[in-house]
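Open the model in a viewer and keep the selection panel at hand. The stops below are meant to be taken in order.

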Amino acid sequence: MADRQRSAPLSWRNKPAAKMSDVVEKTLTALPSLLSLDSQPGSAKLSSSSKLGNLIRGITELTSKHEEEKLIQRELASIKEQVSSPNTTMRQMKELMVRAIYCESLGYEASFSYIHAIKLAQQGTALEKRVGYLAVSLFLNENHELLLLLVNTVLKDLQSTNLIEVCMALTVVSQMFPKDMIPAILPLVEEKLNHPKEIIRRKAVLALYKFYLIAPNQVQHIHNKFRKALCDKDPGVMTASLHIYVQMIQENPEGYKDLTTSFVTILKQVVGGKLPVDFNYHSVPAPWLQIQLLRILSLLGKNDPSTSEIMYEVLDESLQRAEMNHNITYAILFECVKCVYTIHPKSDLLEKAAKCIGNFVLSQKINLKYLGLKALTYVVQQDPKLALQHQMTIIECLDHPDLIIKRETLELLFRITNAQNVMVIVDKMLEFLRVSTDDYTTIDLVGKVAELAEKYAPDNEWFIETMNTVFSVGGDMMQPDIPNCFLKLLSEGFDSVEEDRKLRRFAVDSYVSLLRGEPGKLPQRFLQVISWVLGEYSHLREELEPATVLRLLGKLLDMKQTSSETKTWVLMAMTKLSEGGASVAVAQQVSETYISSMDTVLRQRAQELQHLSQDSELRARVLPRDDGLEPLEVDSSLSFLDGFVSEALAAGAAPYKPPHQRQEELAQAKVLSLEPYGLSLPISMSSCSIADRQSPTLLSISSGLSGDSTELSHKGGSTTLKLDGVKRVWGREGYLAQRESVEEVAQVEVPSPLRSPSQQAEADSSHSQTPTLTPTPEPKQDKQQLASSLFFGLSSQSPMCLMGKPEPTPSRFRGKKKIQGSSPSTIEQTPSSLVSTPSTVDNLLCNDPLDITSEPTVSLSKITSELSPGIITPANGTCDVEANLTGSDVNESNPLLSEDDGLAAADPTPHEDPDRPKDLCLSSHLPAELCGLGHSEITPLCTNQSLDLSACHVQKEDSLVLVIFISNSSAIQQILLDLHSEQLEVSRLSDSPVVDVSSHGVAVYQYSLTVKRPSVHVEVVGIVSYQLCDGTPQTLQFSYRLPLTSFIRPLTVSTEEYGTMWLDFSHDTKQNLTLIGDGEEPLTATLNVLKRKLQLGVVEVIGMEGILACQLLQDQPCLMHCRVHAGALAVWLRSPVPDLPDCLIYHCQRALQVD
Amino acid sequence: MIKFVLMVNRQGQTRLSRYYQPVELSRRAALEADVVRCCLSRRKEQCSFVEYKDFKLVYRQYAALYIVVAVTDAENELSVFELVHNFVEVLDKYFSRIMFNLDRVHVILDEMIQNGHIVETNKSRILAPLTALDKMADS
């Protein structure tokens, strides 16, 4: 294949050169009048009789939108009348369609003409037909139902003997086609791949590309035809196939590494001018093709040294060839530079690429300068020194009259910001923000400023002032997480208590003075931030009377523009502050005003304010003022209401039923109700978050006062909710985030560069004197100074850290999680079952689940297996059960091949089974990284005089590794191992140690397995081939079978996510299973068995129903809904993967039987 | 990736538009007006690429005619800038003998760009289907 590949493009060389294209650039100024697109009177060429011409002219002469509308409506009415007339010829119809196209392009709908466009494509000939197709593709979107009417026409035209008609049909198919009808035309399109005409083959490839985009599964089987197209003797067909390859390589670069050589060869030939001359553009050979190939190469070479190696030569050539002074060569160069910086680095190429970027940036041509900045922005993270080289140019660009250049420069500076230059860079950004009028830019830049400020702020004053600007400028447009993060940061504080106080005090000072100024000018979001901060921290300023703050806040309530949301924040702040005679008086007055407000939230706040300001003891309990930020202890069982409940019950009140139970009673008739997932969810109430001091901006608990808490079900009634915690009462984000972050602080001791002012000054003076930073001979003094402050810190970076990311600078303010390198989603995605009452168990669970399993004490693992279904516990002795379960799966035809899925290594004591000494000695050959994990029993695969093969598999959290041991007893050589499977994707792990087994050794091969097609049992078949010492080749076959359950991992989803997923999945199966009733609650018992044996994750159990979720390795989810009904467990499984539900139900059955 | 191609006159009136990503008809007029405003307000010596929301505009002026191409950030702006010129050269080559036709310009554009990707840049190949149609009509 590769040979054909290489030879195919070579044939272009022999092709007679097509006619020389006119390289001479024409003056194109005449074009607009030629196209009659000009408003000048020069449009004489346009036929005066052309109705479109008249229309265009008419429109052009109009001055008001209103007149235009009138004219177009008249035109549309006339078109409408004519299209429906039976006397209209196809020729006239074509003309009418063009006018309709024009009207639509001005924004006036002409939907009446859609059906006529389809008719025209059907009945017209030549250009009429083409215009029909054109109109269809312009009028309809891909999901339009009328498109179905086109299928027959396309089908007919594809079979036409007239090539032009075939061409048209293929063109429209590659633009739009109803997904479901692809099978109807696919064979015809495939057939066209062998057509003698290049244009037909090319368009067929483009049609297949379209199919690949809209329905990749439909063209799965013709991947080899794509390869054929890639080797087509015509360069146009080859070029067309690249679109498919870019797409496929993007999705799976690993799968196409073998084509690298082919792409390199093609690029070499193109660069070397082997294509016919008519592919040239201004004497440059097929520039857009070159660009496309370079993109493919960078995708293939990324993070892959050996693949990158293959392309160095051609990249070098491309960098050298592009010397010609033309835009298009620069465009190629730009792509080339990007590629060089994307793939595995090679120093001399990097040097050339850097020089190239330098030429761009220094160019007088503004477009090139822009491209240079863009390239610099792209590479500067890997190579900050490059920015240093061009610092003076960057400074100039910062003052460039063109805002676009300025904006791109800021983007570049954003990437090189560090603790030393942050002040200058943020200053430049704010400067730009003040002149920018574009909302999108403002939102983007404000976010960046906030990020930089949190990351690198040198001191409190600067931080608060910068954030003030962010809030004022960003206003109500900015991303809501900016104020959230800011408040979180302020409340959590950082290293030193004293620093925290200073920061908060400074914020209070700053806000008080802002409120004394013109608060009416501040955006609502900023006012909310101010209110919260003053409410929490104004007590830190002892000389500040609470009453003064209350009055300032009161002013906000009286302003017309203050939103009711902001008023809520103000009232909350007031509640916290109402202390002492004067302030209570103000508070009472305010609460009087709002206690009768129409806004219920405001009314509630006013109530709170009124009550709490009067009862200082209660206020102190509800709103304790402590800086320690102890995580709130929550009595999730609401036991303090016990008395109230029993009293009410005694008085004859009906016992509380949680909503789902009520629902259940209503839906009793139905066997399975799907609705509850959505409906039984607690509504997180935004009201009453007053007690939640820690996470001010998040929704928080529903009040006990409301009495409607589902939590009561914990207490009374049937308590089957052992498996989940308090998450349903607590705003999931609020409470959890709090706990997580507290722990985070405890764990991550970032060496924070807290600097005293004097140190700061020292540093400042030292960097302005650093001599290496001002290498440019004689630029203006101020620019030089700016440069030295901007690029400070870059020079000290390690010379070239191309491979890894530059070291993270310790951040002073540890606001956003992403800054600290931990996944930003940890908070949200932590399984809800991990949030629980603050018992000891819970504290353990709040740690990373994997931490627990790494130190397996018996009691602990019991707890985890009981309480956190989402945790994989390979180390807690589940092996015997597993073994029991799968022991029955032993391949009966070959009793020697014992199939054991048990995770044997879980037990620290090794196997002491005398029958299997080999196992013992082989397990010592297990790769070190797998040793800690449990592995299945090592089973012999095949044996002869020369060698023994054994295998086991290791269940990792995110993968399944098959380990094959080859041990030999006599001298053999050239051992080759080849594995394949119908149901599995087998890939050799690149880091498999290759051990020399030629004499009495053990070689260990590792393969990663993922499921391609689910089946109850999956099998890997393999062939080992080798040569005896006398040269005789030998082969041995073997197979290894393992149950699908080895690939199943729990899936942690929330009930909401489960609900949406459930509705999305199309493959399902239902069955009744036996319940396990060993005295205790049968549902819980059964689910526990499924959880333990099959690694299903329990999402939630409500009453007699439970929902579980799992995934087949690599994101193939399967959801389970089960419900106790008539003594059995009615199970319903759903998944997007065909066959998965069926296979899983089988294993569920087995799991419950064996027990 | 190309999002749309626009041809407008100096007054900002749309002469031709082709979208490669669905945009509702009702939103197009406002979007086009905004896009055109962005480009037309710029001076000759300014950069031909404009950042617009989360994508970029590449524009080129030919006397009173502006051609604007919207591209995603990952696209190579300069190559699109030259693509516009290639397009204009193709139009020039073809229309030197035939009068302007909205439909024909569309047909040419369809040969060059599909689904937001550049599919053909060879001038003679771009024009091949259209010239074949013309021949059919002549005979």
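The tour starts with the model as a whole and then goes from selection to selection.

**Confidence and chain B**

This is a predicted model, with an ipTM of 0.95 and a pTM of 0.61. Select chain B and colour by pLDDT: the average is 90, and 97% of the residues score at least 70. Where pLDDT is low, the predicted coordinates should not be read in detail.

Switch chain B to a cartoon. It has 4 helices and 7 strands, and from the N terminus on the order of elements is β-β-α-β-β-β-α-α-β-β-α. Of the 139 residues in chain B, 71% are buried.

**Between the chains**

Select Glu111(B) and Lys203(A). They form a salt bridge in which the closest N and O atoms are 3.0 Å apart. The pair crosses between chains: Glu111(B) belongs to helix α3 (residues 102–112) of chain B, and Lys203(A) to helix α11 of chain A. Are the two partners buried or exposed? Glu111(B) has a relative accessibility of 4%, so it counts as buried. Lys203(A) is buried as well, because its relative accessible area is 2%.

Next select Glu198(A), Arg202(A), Asp234(A), Glu120(B) and Arg125(B), which a network of salt bridges links together.

**Two salt bridges within chain A**

Over all chains, the count of salt bridges is 48. Side chains of opposite charge can pair when their charged atoms come close.

Go to helix α4 (residues 65–83) of chain A and select Lys65(A) and Glu68(A). The closest N and O atoms of this salt bridge are 3.1 Å apart. The partners are 3 residues apart in the helix, so about one helical turn separates them. Glu68(A) is buried, at 8% relative accessible area, whereas Lys65(A) counts as exposed, at 51%.

Now select Arg1013(A) and Glu982(A), a salt bridge with its closest N and O atoms 3.7 Å apart. This pair links distant parts of the chain, 31 residues apart: Arg1013(A) is in the loop between β8 (1002–1011) and β9 (1017–1028) of chain A, and Glu982(A) is in the loop between β6 (972–980) and β7 (984–988) of chain A. Arg1013(A) is partly exposed, with 41% relative accessibility. Glu982(A) has a relative accessible area of 60% and is exposed.

**Strands β3 to β5 of chain A**

Select residues 939–943 and 947–955 of chain A, which are strands β3 and β4. The two run antiparallel and are joined by 4 bridges, with a hairpin of 3 residues connecting them. Thr943(A) stands opposite Asp948(A), and Cys942(A) has Leu949(A) as its bridge partner.

Extend the selection to strand β5 (residues 960–968) of chain A. β4(A) and β5(A) are antiparallel too, with 9 bridges between them, and they form a hairpin with 4 residues in between. Here Cys952(A) is bridged to Val963(A).

How many of the 9 residues of β4(A) are buried? The count is 9 of 9. In a regular strand the side chains alternate between the two faces of the sheet. In β4(A), Leu947(A), Leu949(A), Ala951(A), His953(A) and Gln955(A) point one way, while Asp948(A), Ser950(A), Cys952(A) and Val954(A) point the other way.

**Aromatic pairs**

The whole structure contains 19 aromatic pairs over all chains. Select Phe177(A) and Phe211(A): the ring centres are 6.4 Å apart and the planes are at 55°, so the pair counts as tilted. Phe177(A) sits in the loop between α9 (163–175) and α10 (182–192) of chain A, and Phe211(A) in helix α11 (residues 198–214) of chain A, 34 residues apart. Phe177(A) is buried, at 2% relative accessible area; Phe211(A) is also buried, at 0%.

Then select Phe463(A), Phe471(A), Phe486(A), Tyr511(A) and Phe526(A), a cluster linked by ring pairs.

**A buried loop residue and a surface patch**

Select Ile416(A), in the loop between α22 (403–415) and α23 (422–435) of chain A. Ile416(A) is buried, with 3% relative accessibility. Its C-alpha is 8.2 Å from that of Ala387(A), a residue 29 positions apart in sequence.

Finish with Phe644(A), Val645(A) and Leu649(A), a nonpolar surface patch with about 270 Å² of accessible area together. Phe644(A) is in helix α34 (residues 642–650) of chain A. At 57% relative accessibility, Phe644(A) is exposed, because the cut-off for exposed is over 50%.

Notes
Residues numbered from 1 in each chain as written. Chains lettered and ligands numbered in written order. Predicted model: local features only at pLDDT ≥ 70, side-chain atom pairs only at ≥ 80, totals over all residues. Heavy atoms only, no water. pLDDT = per-residue confidence, 0-100. Patch = residues over 30% accessible without salt bridge, like charges linked within 9 Å, V, L, I, M, F, W, Y side chains within 5 Å. Areas by Shrake-Rupley, 256 points an atom, 1.4 Å probe, with all protein chains shown as cover. Salt bridge = Lys/Arg side-chain N within 4 Å of Asp/Glu carboxyl O. Buried < 20%, exposed > 50% of the residue type's maximum accessible area, 1.4 Å probe, protein only. Pairing = 2+ DSSP bridges. Phe/Tyr/Trp six-rings, centres within 6.5 Å; stacked < 30°, edge-to-face > 60°.
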